[in-house]
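Q: Could you take a close look at one strand in this model and walk me through how it sits among its neighbours? A quick word on a helix contact elsewhere would be welcome too.

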Amino acid sequence: MNAPLYSLPGSQAQAFVPRASSTDADANVSSASAAPTPAFRTVADVLAQSQVEAVMDELDRDLVGLAPVKARIRDIAALLVIDKLRAAHGLAAQSPSLHMCFTGNPGTGKTTVAMRMAQILHRLGYIRKGHLVAVTRDDLVGQYIGHTAPKTKEVLKKAMGGVLFIDEAYYLYRPENERDYGQEAIEILLQVMENQRDDLVVILAGYKDRIDTFFKSNPGMSSRIAHHLDFPDYAVGELLSVGDTMLAAQHYRFGPGARDAFDDYLQRRVAQPHFANARSVRNALDRARLRQASRLFADRDRVLSHEDLTTIEACDIRASRLFGAPSGTDQAAQAA
């Protein structure tokens with residue numbers, strides 16, 4: 001394989017191994033004829049050594065819904081586990097391409113799944129560090145000639161040994177602007193994705209239709225992506241469960257009638273523009289907490305109990321402007 005066009009500090013270099021002399025070969029002929037004893041003999045051996053199943057269990061527990069995404073992550077993990085068993089038996093195999101593309105609307109868990117994917121790959125030994133570096137176009141593309149390459153290389157240097165997550169990756173390509181430097185960043189990424197794929201996994205993310213257009217304009221990028229995962233929108237029932245989890249994590253709970261009020265809120269909100277799934281749920285609950293705080297603050301001489309401080313009441317939900325603004329208005333959309 002040719003040397004990488006772009007050399008990055010911290011990248012792994014291939015070690016030179018001298019050929020054995022004929023004397024060495026004769027001395028080791030008996031050991032060479034013996035079949036190697038596999039380090040791993042069963043799937044259970046690999047899972048016990050890597051503890052990767054704990055990460056997948058966390059994914060199931062921490063993320064509501066996303067059944068097709070979780071199934072695909074388990075399929076990828078299964079492939080990597082079997083590859084380790086094959087390697088233990090001395091079966092030669094090319095390292096699998098692990099670059100991925102996550103498509104879906106905002107708030108569907110793409111970044112969270114990318115973080116879990118980095119942990120899985122690290123525990124199975126496919127990346128050295130297991131960290132995630134999340135970036136956008138602004139982190140990679142410069143404003144003037146000679147600015148883009150150093151910015152892109154610096155990001156890649158930080159991501160080496162882990163996962164580089166590029167959100168809204170299609171903004172790297174702006175053919176309508178002849179003076180745009182995004183194409184330079186793409187060319188550097190392509191070289192590194194091909195020549196240093198043993199030390200870096202790249203995940204592109206964004207809206208499916210825009211990612212598809214981006215791939216049509218950049219077939220070299222598309223050909224390097226082995227795994228495409230589409231993240232579906234959450235159903236209202238799933239969003240309610242997301243809300244329960246978010247509140248519990250902050251030591252809050254719904255009071256009598258509040259969960260029904262939040263269900264009513266979500267039924268209205270999903271029909272409004274700019275809905276962002278779990279992100280919109282988090283924003284709505286943050287505003288409910290503000291209303292709860294204002295309600296409690298107004299009665300400053302009252303002794304507040306643990307229950308008072310941890311309960312979101314129905315009135316904290318129904319005070320949203322979404323319940324008072326005409327359906328479909330911009331005001332209602334901003335009231336999330």
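A: Let's start with a single residue pair: in this predicted model, Phe 102 of β1 stands opposite Ala 205 in β4. That pair belongs to a parallel pairing, in which β1 and β4 (residues 201-206) are joined over four bridges. β1 also has a partner in β5 (residues 227-231): the two run parallel and are joined by five bridges. Here Met 100 is the residue to look at, as Met 100 stands opposite His 227 in β5.

Now for the side chains of β1. Met 100, Phe 102 and Gly 104 point one way from the strand, while Cys 101 and Thr 103 point the other way. Whichever way they point, all of them are buried. With five of the five residues in β1 (residues 100-104) buried, the strand is largely enclosed by the rest of the structure. Buried here means under 20% relative accessible area.

As for the helix contact, go to α3 (residues 43-50) and α5 (residues 67-88). Their axes come within 10 Å and cross at roughly 110°, which means α3 is roughly perpendicular to α5. On the α3 side, the contact is made by Val 43, Val 46 and Leu 47; α5 brings Val 81, Ile 82, Lys 84 and Leu 85. Sorted by character, the residues of this contact come out as six nonpolar, no polar and one charged.

Terms used. Residues numbered from 1 in each chain as written. Predicted model: local features only at pLDDT ≥ 70, side-chain atom pairs only at ≥ 80, totals over all residues. Heavy atoms only, no water. Axes fitted to C-alpha atoms, helices over the stretch in contact; angles between N-to-C directions. Parallel < 35°, antiparallel > 145°, perpendicular 65-115°, else oblique. Contact = heavy atoms within 4.5 Å. Nonpolar A, V, L, I, M, F, W, Y, C, P; charged D, E, K, R; others polar. Buried < 20%, exposed > 50% of the residue type's maximum accessible area, 1.4 Å probe, protein only. Pairing = 2+ DSSP bridges.
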